[in-house]
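Dear colleague,

I am handing over the structure we spoke about, and below it you will find my notes on what turned up. Please read them with the structure open beside you.

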Amino acid sequence: MTELAELAQRYAVATEFVDWRGRSVPVPEHTLVSVLAALGVPADTPADREHAARTHDREYWGDALPPTVVARSGTASSFWVHVTHGRPVDVWVELEDGSVRTELRQLENNRAPYDLDGRTIGEATFELPADLPPGYHRLHARTDTGETDTTVIVAPAVLAPPRRRHWGLATQLYSVTSEQSWGTGDLTDLTDLAVWSAARHGAGFILVNPLHAAAPVAPMEPSPYLPTSRRFVNPLYLRVEAIDEYAQLRRRGPLRKARAELAGRARRRDGIDRDAAWKVKRAALQQVYRVPRSAGRDLAYAAFRDREGRSLDDFATWCALAEVHGPDWHTWPQKLTHPDNPEVAAFAAANEAAVDFHRWLQWQLDDQLTTAQARATQAGMGLGIMHDLAVGVDPDGADAWALQDVLARGVSAGAPPDEYNQLGQNWSQPPWRPDQLRRTGYAPFRALVNAVLRHAGGVRIDHIIGLFRLWWIPQGAAPTEGTYVRYDHDALIGIVALEAYRSGAVVVGEDLGTVEPWVRDYLRDRGLFGTSILWFERTDGGAPLPAERWREACLSAVTTHDLPPTAGYLAGEHIRLRESLGLLTRPVDEEIADDRIEQQAWLDELRRLGLLGEQPDIDEIVRGLHAFLGRTPSKLLALALPDAVGDLRAQNQPGTTDEYPNWRVPLSGPDGERMSLEDVFTDPRANALAEVMKAQVPAMDT
């Protein structure tokens, strides 16, 4: 093994990988050097590599305790302690409840001592008891050089699955507007949609697109999967009239008029205009913000600020800075480019009202999210709202600024070439640094997962495979020139499981694409669900996968937001669109022919099961495909709202930016006319398909 390959191995950087065709592909040397540099490891020359290897050893032996210890409840685990060779050590665990456990048994460790600058360091191993409760605890050690401590994460061994099967709607909230919306769908619309689907049709959850924050300046990023922050929420989703202080406004007429004019313009447009909606809504929110609060409301706001702490302050400060200097913090004056700089604190003090406005917005979002989840469960949902957690964040945004010390620089996350995108993908998002996550006890990741589950009965984690390994692409390189960097999946999945355990939530991992076979088994064994999309579920020979062979621990759906709704898919819209955009890699006639064969195979399968007649129309086929989901053992079934109303256009076309109106397509009927939320509630097609889904639920009741 070369020095570079050995160094890469120390830092969990892959020197080769198996591609989607099953071939072993070596990683170029320049990629390894760039990825190691992003981890803070110089590796350009043999001397650099030798020095980096020595530094790695010195850092390991210089730590008295591991940066983080990860364990599972019900299973004994071990950890090491470094101490001057031959000297005694005391270790104990301080639990979250303040109690102390001292009965930590020492295990045999025959590792040779290490010479650290003339001090001989020995390594001892101790056992953590199997009966430690799930939680975040502190491990302490007292050695001859003093006392130190570290984080212990004890995760539940397995999450309990839902007691019964549930079906739920999947919606892109911004696209669904009601008569009272401010140009885009909002949290009151989400609440009403949840109540309708639960009370009328027995839905158990509603899966919503990521509600993560976008930069508060135009042009607002349309993609919910490229947010400025995953930790906080986009105030575009606020319903102004649902804020308590709105009732105290003396002159509400102008706000009603502004909302009505905005809604009228939105109905006449073919797309979602976030900038126009935010301009009007922001002005209204500022008026409400200036209304004096009651003493009780002031106490509630203070409690919210205390709970959110430094993270909220940093986010609000970034928003205020972005309104002055623009949304790319790399272009700001140098002294403002790190949140710890005194100039940032001076700016916040000088612009206290502007910063506090953005804190206040997050408080209102917290209130309205609380209400949405409560009303969803009150209407009969077993789970309620299932939020969506995006893979990463905008490299120029709030999280990248506030968390820059734990995010890798000079690389982007993405995906290697696969069957569906043979050029690979670059998502332009900075990945977590696994070493810095360990050093911080995974605090930023813990806060993120806690926040997304605070008002939820479930979470869908986009590209959950990224918690195992993530494709890192050096800056300026093609997506094909990346490599995998491995993460401590026991720690990351353990944190997800622990937060879900505490929230009583279900976790769904989007595990599509190139997946190592053992990963799905691991997720299942930990009680996390996978994802199945009907069009992708095939046998090794390419035939439709029989219903009985689908996974039980799974959220199953016919389509996804990266494909046209089912009516459009059946009409070949996905092929026509990709042809018009120049995205096909082979002749269109071949694509159409293969697509017809695939669709015919599914129609034949539906007829075999008695779910389809001989001369079905589109609506009957759509109902049959969703009824097929009920024949699978999957515990969670999803109906995309565009499928329910017969929409034809996709919300997103992968591989495009401005060539297609990604994430700006309003909910429409089969005639292309925009549909309001009120239209959905009375639409015969939507109600009929929701009843098809309701009929699938009793099959798995326990």
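The centres of domain 1 and domain 2, taken over C-alpha atoms, are separated by 30 Å. Please bear in mind throughout that this is a predicted model. The domain assignment places domain 1 at residues 3-60 and domain 2 at 74-155, and it also gives domain 3 (168-391) and domain 4 (529-646 + 677-701).

Where domain 1 and domain 2 meet, four residues of domain 1 are in contact with seven residues of domain 2. The area buried between these two domains is about 470 Å², and carbon and sulfur atoms give 45% of that area. On the domain 1 side, Asp57, Arg58 and Tyr60 lose the most area to domain 2, and together they account for 99% of what that side buries. One salt bridge is found across this interface, along with four residue pairs in polar contact. Arginine 58, one of the three residues just named, forms a salt bridge with aspartate 117, with the closest N and O atoms 2.9 Å apart.

Aspartate 57 also deserves a look, since its side chain meets that of arginine 10 in a salt bridge of 2.7 Å, N to O. Arginine 10 belongs to helix H1 (residues 3-10) and aspartate 57 to helix H3 (residues 46-62), so this pair ties together parts that are 47 residues apart in sequence. Both partners are partly exposed, arginine 10 with a relative accessible area of 28% and aspartate 57 with 26%.

For the structure as a whole, the count comes to 55 salt bridges. Among them is the pair of arginine 409 and aspartate 405, whose closest N and O atoms are 3.9 Å apart; here arginine 409 is exposed, at 53% relative accessible area, whereas aspartate 405 is partly exposed, at 44%. You will also find a network of salt bridges that links Arg231, Arg307, Glu308, Asp366 and Arg454.

Turning to the interior, the largest nonpolar core has 174 residues, and within this core Trp360 and Trp472 touch the most other members. Helix H7 (residues 295-325) supplies the largest share of the core, with 10 residues. A second core, separate from that one, consists of 18 residues, including Val89, Ala124, Phe126 and Leu128.

With best regards

Technical notes. Residues numbered from 1 in each chain as written. Predicted model: local features only at pLDDT ≥ 70, side-chain atom pairs only at ≥ 80, totals over all residues. Heavy atoms only, no water. Core = buried A, V, L, I, M, F, W, Y, C linked by side-chain atoms within 4.5 Å. Buried < 20%, exposed > 50% of the residue type's maximum accessible area, 1.4 Å probe, protein only. Helix = DSSP H or I, 4+ residues; strand = E, 2+ residues; numbered from the N terminus. Domains from an automatic or database assignment. Contact = heavy atoms within 4.5 Å. Buried area = accessible area lost by both parts, 1.4 Å probe. Salt bridge = Lys/Arg side-chain N within 4 Å of Asp/Glu carboxyl O. Polar contact = N/O pair within 3.5 Å; in protein donor to acceptor, adjacent residues only side chain to side chain.
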